[in-house]
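Student: I would like to test the labels we put on a structure against their definitions. Can we go through some of them?

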Amino acid sequence: MKKSFAVFLKRNLAFAKLAIVTNLEYRLNYFVDAIVQPIMTTGIEILLWLGVFAGTHSVTINGFGKDFYLSYALWAAFFARIATSWMYEFRMIEEVSSGTINSLIVRPMGFYEYYLSQLLGYKFITTIISMIIPIIASYYFKLPCIYERIPLASLLCFYYLILVHTISFLVCSVAFHLTKISSFTVAKNLMLWILTGELFPLDLIPQPWRSQLISLPFASGVYLPVGYISGRVDHSYMVHGFISVTIALVILNLIASWLWKIGLRSYSGTGA
Amino acid sequence: MSIVIETKDLSREYLSYQKPEGILNSIKGIWNRKYDSKIALNQTTLQIESGKIIGLVGANGAGKTTLLKILSGLVTPTSGDATVLGYRPWERDYKFLKQISILLGQKNQLWWDISPMDSFVLLSRIYDLELSTSRKRVLELAEMLQCTHVLNTQLRRLSLGERMKMEIIGALLHEPRILFLDEPTIGLDIVAQENIRNFLANYVKEKEPTIILTSHYMDDIATLADRLLLISKGNIVYQGTVDEFVKNSNSELAHDEKVDFEEVIRRFLETESRIR
């Protein structure tokens, strides 16, 4: 038991390293993904909030001042980068639909763990580099930021990433039956764009929707960690986030494993 | 010798969507689709002893790759049963997967974006091998295949022949007891084909794995195979040695005609194509 866990750990560490090695092979692409893209997203969102405040002629919106929204926009873009896996989801779907999955399922390892470890490895290396930017920007522009809360906020976001991966695994299982499903990923990502709070803070949504959306596990991707860092939400929300993600993980993993088994049974070995 | 592969009435059926031509039929296909069923493997029963090289021969679509994929655990049969080394392949028990390897000549199994050496380190982790031992083994195999110089070049930058050599090293790294080779020399020039054939022949002498080999190059089969499995429209139509097969075929010909293995197979495949 102890040995098999050690083997599992070593294997998954190797998968995480694979993601790092692969991504660092293409340095410019990595730099654009880790730095340029979130900076551009942040820039757009900050301009948007500056425009909103200029238009409303109000000092606060929903009880929070301009600095809180600028801080939210700054951090949200970087946390959203952690909380998405569309790139790996497309790869997973492609493995199934093109048949390259063959080389993975005849080896003593799981498809779920293989991609999860790669995803976590890649996000880890990206986060270390990209998170320097909002930390410096917050400090320089004196935006509301509780720095000691960053580790717990990041932990919740990474925990949520496992849920995101499980959703990807579920979508990918469908590829065994329906060859082309990239539109599923796009539709799902659009939904998560709102549900995570990437587009705007979820507390702007009127009741009763607000409470319901915040209680969903998706809020743990962006709204809760960013709200926690910028002082919009307190510790109890974070505890709720961890619990809701855990429940969703159990339920979605059961459904995904079932779909995966059915998919493999019908798989023809030449692509879906 | 012990039996390592055993199948009983093993069948696999595939369903494929049939779309009549034209845009109207595409629209109709949104709510009404017709599927055609095809039996790729039909109630196959066979036994394979350990340490043998089995040449699996048949026309395109005869069912040889399907059989190979079922036995390696890639595909689940529609009915029937099979055991490989005592395991049901499609249950994909890790203990089973650690003892087999499959090489699909038309698909890459190593990682495209990294060097073969990085891939081999990763494979060592997957198969739980000592890193130092597997590194030594890689160098040994690379030496035999004369490709040590490309071990640190990104896989995508290698030629087809070099890539195939890397795939072979990857497939043999964990010293599998059963090796499934699906057209390992496809697309290679004559010299490269011969190199790989010689390498496999030496490897088999040394390690004695059981190998199931499919190839469209009859030289591969004639040089390497101890036994021949002839498959036609999902059915095994001949099981025996290559020599017996040639002898039987010659006895059916006019007394002044004598043909070699390649010619016998060519005639068999030609007949197959006409029937199909």
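Tutor: What follows takes helix pairs, then the contact between the chains, then one chain as a whole. This is a predicted model, where local features need pLDDT of at least 70, side-chain atom pairs count only at pLDDT 80 or more, and totals for chains, interfaces and linings use all residues. Residues are numbered from 1 along each chain as its sequence is written, and chains are lettered from A and ligands numbered from 1 in the order in which they are written.

Student: What makes helix 4 and helix 9 of chain A roughly antiparallel?

Tutor: The axes of helix 4 (residues 86-98) and helix 9 (residues 182-195) of chain A cross at roughly 160°. Angles under 35 degrees count as roughly parallel, over 145 as roughly antiparallel, 65 to 115 as roughly perpendicular and the rest as oblique. Helix 4 and helix 9 of chain A are therefore roughly antiparallel. Their axes come within 10 Å.

Student: Which residues meet there, in helix 4 and helix 9 of chain A?

Tutor: W86(A), E89(A), F90(A) and I93(A) of helix 4 meet S182(A), T185(A) and N189(A) of helix 9. Contact is defined by C-beta atoms, placed from the backbone, that lie within 7 Å. By class, this contact has three nonpolar, three polar and one charged residues. Ala, Val, Leu, Ile, Met, Phe, Trp, Tyr, Cys and Pro count as nonpolar, Asp, Glu, Lys and Arg as charged, and the others, Gly among them, as polar.

Student: Why is helix 3 of chain A called roughly antiparallel to helix 7 of chain A?

Tutor: The axes of helix 3 (residues 66-82) and helix 7 (residues 132-141) of chain A come within 9 Å and cross at roughly 170°. That makes the two roughly antiparallel. Among the residues in contact are W75(A) and F78(A) of helix 3, with I133(A) and P134(A) of helix 7. The contact has six nonpolar, two polar and no charged residues.

Student: How many residues join chain A to chain B?

Tutor: In chain A, 22 residues are in contact with 24 of chain B. Helix 1 of chain A gives the most to that side of chain A, with eight residues.

Student: How do you know that chain B is as compact as a globular protein of its length?

Tutor: Its radius of gyration, taken over C-alpha atoms, is 21 Å. The globule rule is 2.2 Å times the number of residues to the power 0.38. For 276 residues the rule gives 19 Å, and 21 Å is close to that, so chain B is as compact as a globular protein of that length.

Student: What share of chain B counts as buried?

Tutor: Of its 276 residues, 41%. A residue is buried if 20 or more other C-beta atoms lie within 10 Å of its own, exposed if 12 or fewer, and partly exposed in between.

Definitions and conventions
Axes fitted to C-alpha atoms, helices over the stretch in contact; angles between N-to-C directions. Helix = DSSP H or I, 4+ residues; strand = E, 2+ residues; numbered from the N terminus. Contact = placed C-beta atoms within 7 Å.
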